[in-house]
Amino acid sequence: MSSATVRAPAKVNLCLGVGPVRADGYHPLATVYQAVDLHDELRAVARDDDLITVTMHSDIDLHAEAAAVPEDDDNLAVRAAKMLREATGVGGGVDLSIRKVIPVAGGMAGGSADAAAALVACNDVWGAGLSRAELESLAGRLGSDVPFLLHGGNAIGGGRGETISPVLARGSYHWVFAMAHEGLSTAAVYAEFDRLNDGDRIPEPTVPDALLAALRAGDPEALGAALSNDLTEAALSLRPELDDTLSIGIDAGALGAILSGSGPTALFLASDEQHSLDIAFALSSAAGCADVVQSRGPVAGARLS
Ligand code: ATP
């Protein structure tokens, strides 16, 4: 039986500008994504019949109340496989098996990474023959972050995040991630954002010039100073203790410290490998940290391995 293995990265948002909620319920975003060296791995094995199954494997608790990962048709990887089959008319069934490393409901788009991986893997095992560009346009219908996780590297995200455009960038960056004990629902953070901004005139979001200049120059200090996230206030309102985690990293000399996406993962920029080790050490004894991970970015998007 035909099989394929795909690795898909997590993402961070170097900036996350959030605009006023649209009529369709989504918020317009202006973001710069970076794919980072923290990967889920998905293996796809074609089946004779037309069943699509998924099994999850991880050291992470995948059944936590706030962030349970479904092992049925609601799994984003299964939805991706079904969408590819419907769009192309090819294929039969497939068994998907996912080794999950990206934190669940951590603001690092782990579910979207699995969807991107499933698109690449099923395109291969079913011989669907879609181009990268065709996969990216399917990806946008699955979720806001899925096109970027196919693309990888650095990119500007517009619309609700699904419209990807290139950004001039150089350099490789050292990140430290502080994972929280419990995930935070993206929907709950946006609802809190709306509550906190009720009645305010929120401007249309833009990507800060200082951030683009820092990336063009490959300057980690300038990038650290330019990191920003409009969801910070809402996430901290739901999880005030995250402020302590951010302070610990800043006190350890991080060049920049923000929440990743809708949180609760906190991310810290270090100047080099040793600095990243020092920050990781300082965070490792923090009460709010379930785990601390050092990582590099940018890396490629979902790829056959
Ligand atoms: P984002 O940053 O895109 O808002 P996130 O990183 O905060 O997302 P995810 O880990 O992508 O959150 O998952 C959020 C929810 O999606 C999970 O709690 C789970 O209910 C559902 N889900 C469906 N399929 C998957 C999957 N393959 N992996 C993880 N979560 C999944």
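Let's start at the ligand. A nitrogen atom of the ligand sits 2.9 Å from a polar side-chain atom of Asp 114. Keep in mind that this is a predicted model.

Asp 114 has company. An oxygen atom of the ligand is 2.8 Å from a polar backbone atom of Ala 68. Gly 106 also takes part: one of its backbone N or O atoms lies 3.4 Å from an oxygen atom of the ligand. In total, 21 residues surround the ligand. Which of them come nearest? Ala 68, Ala 109, Gly 111, Asp 145 and Thr 186 do.

Now the pockets. Here is the general idea first. Rolling a probe the size of a water molecule over the atoms shows where empty space is left.

The largest pocket has a volume of about 1,200 Å³. It is lined by 42 residues. Closest to the centre of that pocket are Leu 76, Ala 109, Ser 112, Asp 145 and Thr 186. You have heard some of those names already. Ala 109, Asp 145 and Thr 186 are also among the residues that come nearest the ligand.

What builds the lining? Five elements each supply at least two residues to the largest pocket. Two are strands: S1, residues 3–18, and S2, residues 29–47. Three are helices: H1 at 76–88, H2 at 110–125, and H5 at 186–196. Which element gives the most to this lining? H2 does, with 4 residues. By class, the lining of the largest pocket has 20 nonpolar residues, 15 polar and 7 charged.

On to the second largest pocket. Its volume is about 490 Å³. Its lining holds 25 residues. Nearest the centre of this one are Ile 60, Asp 61, Pro 103, Val 104 and Met 179. Strand S7, at 173–180, and strand S11, at 289–297, each supply at least two lining residues here. S11 gives the most, with 3. The class split for the second largest pocket is 13 nonpolar, 6 polar and 6 charged.

Next, the backbone. A general point helps here. Most residues other than glycine have a negative phi, and most peptide bonds are trans.

Look at the loop between S4 and H2. Ala 105 is found there. Its phi is positive, about 50 degrees, although Ala 105 is not a glycine. Ala 109 is in the loop between S4 and H2 as well. Phi of Ala 109 is near 65 degrees, again a positive value in a residue other than glycine. Are these two buried or exposed? Ala 105 counts as partly exposed, because its relative accessibility is 26%. Ala 109 counts as buried, because its figure is 12% and the cut-off for buried is under 20%.

Now the cis bonds. One joins Gly 263 and Pro 264, with omega about 5 degrees. Pro 264 is in the loop between strand S9, 256–259, and strand S10, 266–270. Another cis peptide bond joins Gly 297 and Pro 298, with omega also about 5 degrees. Pro 298 lies in the loop between S11 and strand S12, 303–304.

A few more loop residues. Asn 197 is found between H5 and helix H6, which spans 209–217. The side chain of Asn 197 reaches the backbone oxygen of Phe 193 at 2.8 Å. Asn 197 is buried, at 17% relative accessible area.

Arg 160 sits in the loop between strand S5, 154–158, and strand S6, 163–166. This arginine is charged by class, yet Arg 160 is buried, with a relative accessible area of 16%. Where does the chain bring it? Arg 160 and His 27 are 133 residues apart in sequence and 6.1 Å apart in space, C-alpha to C-alpha.

Set that beside Val 90, in the loop between H1 and strand S4, 93–99. Val 90 and Glu 221 are 131 residues apart in sequence, and their C-alpha atoms are 49 Å apart in space. Val 90 is partly exposed, at 24% relative accessible area.

Last, the cysteines. How many disulfides does the structure hold? The count is 0. Cys 15 is buried, with a relative accessible area of 1%. Cys 122 is buried too, at 0%.

That's the tour. Thanks.

Methods. Residues are numbered from 1 along each chain as its sequence is written. This is a predicted model: local features need pLDDT of at least 70, side-chain atom pairs count only at pLDDT 80 or more; totals for chains, interfaces and linings use all residues. Side-chain values use heavy atoms; hydrogens and water are left out. A disulfide is a pair of cysteine sulfur atoms within 2.5 Å. Buried means under 20% relative accessible area, exposed over 50%, partly exposed in between (1.4 Å probe, protein chains only). On a 1 Å grid over the protein atoms alone, a cavity is a set of points where a 1.4 Å probe fits but cannot get out, and a pocket is an open set with protein on both sides within 12 Å along at least five of seven lines; lining residues have an atom within 4 Å of a point. Grid points are joined across faces, edges and corners, and a volume is the space filled by probe spheres set on the points. A polar contact is a pair of N or O atoms within 3.5 Å; within protein, one must be able to donate a hydrogen and the other to accept it, and residues adjacent in sequence count only if both atoms are side-chain atoms. A residue is near a molecule or strand if one of its heavy atoms lies within 4 Å of it.
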